[in-house]
Amino acid sequence: MVKSADETYADFKELIGKTIKNDKVFPFKKSGVIKKIILISDIHSPFLDKDRLAKLITSEKDVDELIVNGDIDDLYPLSRFIKQKEVNAMDTLKEIDWFAHTVSEYYPKIKFLKANHDQRVFRYFQRQGIPVHIIEAFVRTDYLDFIIVPYKNVEIVKTQVTLNHHPEIYHFQMVGKDCVAGHWETYSKVNLRSAENCFNWYQQWRSTLGLPEIKLLIQSHTHQLGSRMVWGDKCYGESGTLALVQDYTIDGRVGYTPPQPGYWLIIQKNGITDLRETRYIPL
């Protein structure tokens, strides 16, 4: 007998020993048209840097929205890299739940974007040669969907792209009217090269996919932090990380650059990004 969503969620709560509730009620949004948005990414639970998260929370006040731009879960046991440690999946689930509860207490609106690490379960089954339609039937419900159930101000977002064979894409989202936050699976040791490639890709595909013209593009995934102005009135950048140093980045294969912890502060007026006030901030 197939269980209902409520019954399945009750089983999940029992599994992780969840007892805390989110009773936080935020007041009606302040009047005015200026929005203050914080963008973080790559927390890679259970390797979240809680000290830097605390520093962020105490540093930024009166925030309208928090965006967590991918790689919320590391899914370390499914990594293709050689394992240097043992990671308990239950500890990971509990830390993600702790993270969701914590940020929901401080920010009136939170958006989670899924990325390559968050989708490792799906890709693991793909590598076993199981057809996609069968995988979708068994892995349709994502554990992240269960974790955010009690947090009414937390949502999982996706980009809707009208393609008959691929109606849903998670890799990027619109922030306001002229900013894109993406987690494309592209990396470069050259500073900001990944963001540059994503910016050029967006410009090339914008007309075909019916995407809006943008002023700012922020790429995650690289764990690097920085920005560059282009074309006089546009900017692209990378969003840093809030994760501890990953062991595979310092193993015998030279290829990774040191992570740069930090976040982006995005200021928008009527959905239009103010590049004079918008910036990245190291932690």
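This is a tutorial dialogue on reading strands, ring pairs and backbone angles in a predicted model.

User: Where should I begin with the sheet, and what is the order of its strands?

Analyst: Begin with the general idea that strands of a sheet pair through backbone hydrogen bonds, either parallel or antiparallel. In this predicted model, an open sheet of five strands runs in the order E7-E8-E9-E11-E10, and its pairing is mixed. Strand E7 (172-175) and strand E10 (225-230) are at the edges with a single partner strand each, so one side of each is left without a neighbour in the sheet. From one strand to the next, the twist averages 15 degrees.

User: Which strands pair in the parallel sense, and over how many bridges?

Analyst: Strand E8 (residues 179-182) pairs in the parallel sense with strand E9 (residues 216-219) over four bridges, and you can find alanine 181 opposite isoleucine 218 in E9. E9 also pairs with E11 in the parallel sense, again over four bridges, and there glutamine 219 stands opposite glutamate 238 in E11.

User: How do E10 and E11 run, parallel or antiparallel?

Analyst: E10 and E11 run antiparallel and are joined by six bridges; as one example to look for, glycine 226 has glutamate 238 in E11 as its bridge partner. These two strands form a hairpin with three residues between them, and tryptophan 231 in the turn has a positive phi of about 55 degrees. Tryptophan 231 is exposed, with a relative accessible area of 56%, whereas E11 itself is mostly covered, since six of its six residues are buried.

User: Which strands does helix H7 touch?

Analyst: Helix H7 (residues 193-209) packs on the sheet and touches E7, E8, E9, E10 and strand E11 (234-239), while its direction makes about 130 degrees with that of E11.

User: How should I read a pair of aromatic rings, and how many such pairs are there?

Analyst: Look at the distance between the ring centres and then at the angle between the planes, where an angle under 30 degrees counts as stacked. The whole structure holds 10 aromatic pairs. In one of them, phenylalanine 99 and phenylalanine 112 have ring centres 6.1 Å apart and planes at 20 degrees, so the pair is stacked. Phenylalanine 99 belongs to helix H3 (residues 89-106) and phenylalanine 112 to strand E3 (residues 110-113), 13 residues apart, and both of these phenylalanines are buried.

User: What kind of pair do phenylalanine 199 and tyrosine 236 form?

Analyst: Phenylalanine 199 and tyrosine 236 form a tilted pair, with 5.6 Å from centre to centre and 40 degrees between the planes. Phenylalanine 199 lies in helix H7 and tyrosine 236 in strand E11, so the pair ties together parts that are 37 residues apart in sequence. Both phenylalanine 199 and tyrosine 236 are buried. Elsewhere, ring pairs link Phe172, Trp184, Trp201, Tyr202 and Trp205 into a cluster.

User: What lies over the face of tryptophan 98?

Analyst: Lysine 50 lies over that face of tryptophan 98, at 4.4 Å from the ring centre.

User: Which residues does the cis peptide bond join, and where is histidine 44?

Analyst: The cis peptide bond joins serine 45 and proline 46, with omega at about 15 degrees, and proline 46 is found in the loop between strand E1 (34-40) and helix H2 (50-59). Histidine 44 lies in the loop between E1 and H2; its phi is near 50 degrees, a positive value in a residue other than glycine. Histidine 44 is buried, with a relative accessible area of 1%.

Note on methods: Residues numbered from 1 in each chain as written. Predicted model: local features only at pLDDT ≥ 70, side-chain atom pairs only at ≥ 80, totals over all residues. Heavy atoms only, no water. Pairing = 2+ DSSP bridges. Axes fitted to C-alpha atoms, helices over the stretch in contact; angles between N-to-C directions. Contact = heavy atoms within 4.5 Å. Phe/Tyr/Trp six-rings, centres within 6.5 Å; stacked < 30°, edge-to-face > 60°. Buried < 20%, exposed > 50% of the residue type's maximum accessible area, 1.4 Å probe, protein only. Lys NZ or Arg CZ within 6 Å of the ring centre and 35° of its normal.
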